[in-house]
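Below are my comments on the model, point by point. Please read them with the structure open.

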Amino acid sequence: MFHGIAETVPLVSKSRSHFLSSFGPGGPYEGTVALYRRNTSSEVIGKFDAPLIHALADTTMVRWIAQSGGGYDEIDIQACKERGILVSNTPGANEDATATATLYLMISCLRHFSMAERSLRSGTWKTTYDAAQTHDVTGRTLGILGLGGIGLRFARLAHAFPMRIIYFSRRKVESVPDWCEYVSSVDELCKKADILSLHVPLNQSTAGMIGEKEIRTLQRGSLLLNTSRGRIVDQEAMIRALEDGHLSSVGLDVYPDEPRVDPRLLTFPRCTLLPHVGGESAESWRTRELQALGNLRAFVLGGVGKDIVPELRAEIGNSATL
């Protein structure tokens, strides 16, 4: 993709200090104008927080960060806005992978399949599995918080059972199927849903969006699914609801302090827990990487990039020209 256009340099740094110092004369990143970023880089140089963004702006030529993934909460967008660094992401690249992972979590939690598999693997067959405590999917009401690409894809998958599908987003989504019902508030969504599934990005307005009030508004015995970001949910409130049975179980792929998982979650056998792999498959990885690199290529060729994150689009207008 970059042959004859630009030199590509892999990350060779083992620390943040080495990373920042390597953009100088003779350093491995000298002359770098754009970065391709995966979240795994935070294990070496940390998140792209305000200090790192300001350091990049002060000492390097970097003016574009291409995030490989739809979520970009590990990048301080406000700092990028202040310093003239644009950020792109890859919306849509992992919609199918994440939606099907959410479907798996929902079925597993309702039918206690995770517990049943552990019973088999431990040699106890199904002695710990009580079918009378499990439930079918058909006929239940699924509440979707955030009907973006992933939320709508999940809605289409779940509707096949069939289920009643209701949703809340900041605004009513146009051109959705008639069976996808809009409700006017998060409160109404929680009151009507048997299963609440979260599909909103993490930002200042969504952090802690599902707290004690929202969880207790759900019917007793409800199910909570989260494949978006862990900090959207008040984890303490969620665990209290699991302890007293208000939530029958939760299906989680994300946690507030990854890779750490609160050990109390491991004590609830009906819950299904995944290590943030919902959006990852060979197909979604390829699509995501090509999309992110395509954004970089467009920037390098003409200063024009695609998929700029919403918070920064106003900085350059709809043309996305630097």
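1. Leu-142 stands opposite Ile-195 in β7. This belongs to a run of four bridges that join β4 to β7, and the two strands are parallel. Please keep in mind throughout that the model is predicted.

2. Ile-195 has a partner on the β8 side as well, where Leu-223 stands opposite. Four bridges join β7 to β8, again in parallel. Which way do the side chains of β7 point? Ile-195 and Ser-197 point one way, while Leu-196 and Leu-198 point the other way. All four of these residues are buried.

3. The sheet as a whole is open and has seven strands, in the order β6-β5-β4-β7-β8-β9-β10, with parallel pairing. β6 (180–182) and β10 (272–273) are the edge strands; each has a single partner strand, so one side of each is left without a neighbour in the sheet.

4. On the β6 side, the partner is β5 (residues 164–168), which is joined to β6 by three bridges and runs parallel to it. Within this pair, Ile-166 stands opposite Glu-181.

5. Which strands does helix α5 lie across? The helix, residues 95–111, lies across β4 (141–145), β7 (195–198), β8 (222–226), β9 (247–252) and β10. Its direction is at about 150 degrees to that of β8.

6. Two backbone points follow from the residues with positive phi. Most residues other than glycine have a negative phi, and most peptide bonds are trans. His-112, in the loop between α5 and α6 (113–121), has phi near 60 degrees. This residue is buried, at 5% relative accessible area. His-276, in the loop between β10 and α11, also has a positive phi, of about 50 degrees. Is His-276 buried or partly exposed? His-276 counts as partly exposed because its relative accessible area is 24%, and the buried class ends under 20%.

7. Two cis peptide bonds should be checked by eye. One runs from Phe-161 to Pro-162, with omega near 5 degrees, and Pro-162 lies in the loop between α7 (149–159) and β5. The other runs from Glu-258 to Pro-259, also with omega near 5 degrees. Pro-259 is placed in the loop between β9 and β10.

8. How many salt bridges are there? The count comes to 15. One of them pairs Lys-213 with Asp-187, with the closest N and O atoms 3.4 Å apart. Lys-213 is in helix α9 (residues 212–217) and Asp-187 in helix α8 (residues 186–192), so the pair ties together parts that are 26 residues apart in sequence. Lys-213 is exposed, with a relative accessible area of 53%, whereas Asp-187 is partly exposed at 25%.

9. Helix α8 also holds a salt bridge within itself. Glu-188 pairs with Lys-192, and the closest N and O atoms are 2.8 Å apart. The two residues are four apart in the helix, about one turn. Glu-188 is partly exposed at 22% relative accessibility, and Lys-192 is partly exposed at 33%.

10. Helix α9 contributes a further pair, Arg-216 with Asp-244, whose closest N and O atoms are 2.8 Å apart. Asp-244 lies in the loop between α10 (235–243) and β9, and Arg-216 in α9, so this salt bridge ties together parts that are 28 residues apart in sequence. Arg-216 is partly exposed, with a relative accessible area of 31%, and so is Asp-244, at 35%. Through salt bridges with shared partners, Glu-212, Arg-216, Arg-240 and Asp-244 are joined into one network.

11. Last, the surface. Val-33, Met-61 and Val-300 form a nonpolar patch there, with about 220 Å² of accessible area together. Where does Val-300 lie? Val-300 belongs to helix α11 (residues 282–302). At 30% relative accessibility, Val-300 counts as partly exposed.

Notes
Residues are numbered from 1 along each chain as its sequence is written. This is a predicted model: local features need pLDDT of at least 70, side-chain atom pairs count only at pLDDT 80 or more; totals for chains, interfaces and linings use all residues. Side-chain values use heavy atoms; hydrogens and water are left out. Two strands pair if DSSP finds at least two bridges between them. Contact means heavy atoms within 4.5 Å. Axes are lines fitted to C-alpha atoms, for helices over the stretch in contact, and angles run from 0 to 180 degrees between N-to-C directions. Patches are made of residues with over 30% relative accessible area and no salt bridge: like charges are joined within 9 Å, nonpolar side chains (Val, Leu, Ile, Met, Phe, Trp, Tyr) within 5 Å. Accessible areas come from the Shrake-Rupley method with a 1.4 Å probe; for residues, only the protein chains shown count as cover. A salt bridge is a side-chain nitrogen of Lys or Arg within 4 Å of a carboxyl oxygen of Asp or Glu. Buried means under 20% relative accessible area, exposed over 50%, partly exposed in between (1.4 Å probe, protein chains only).
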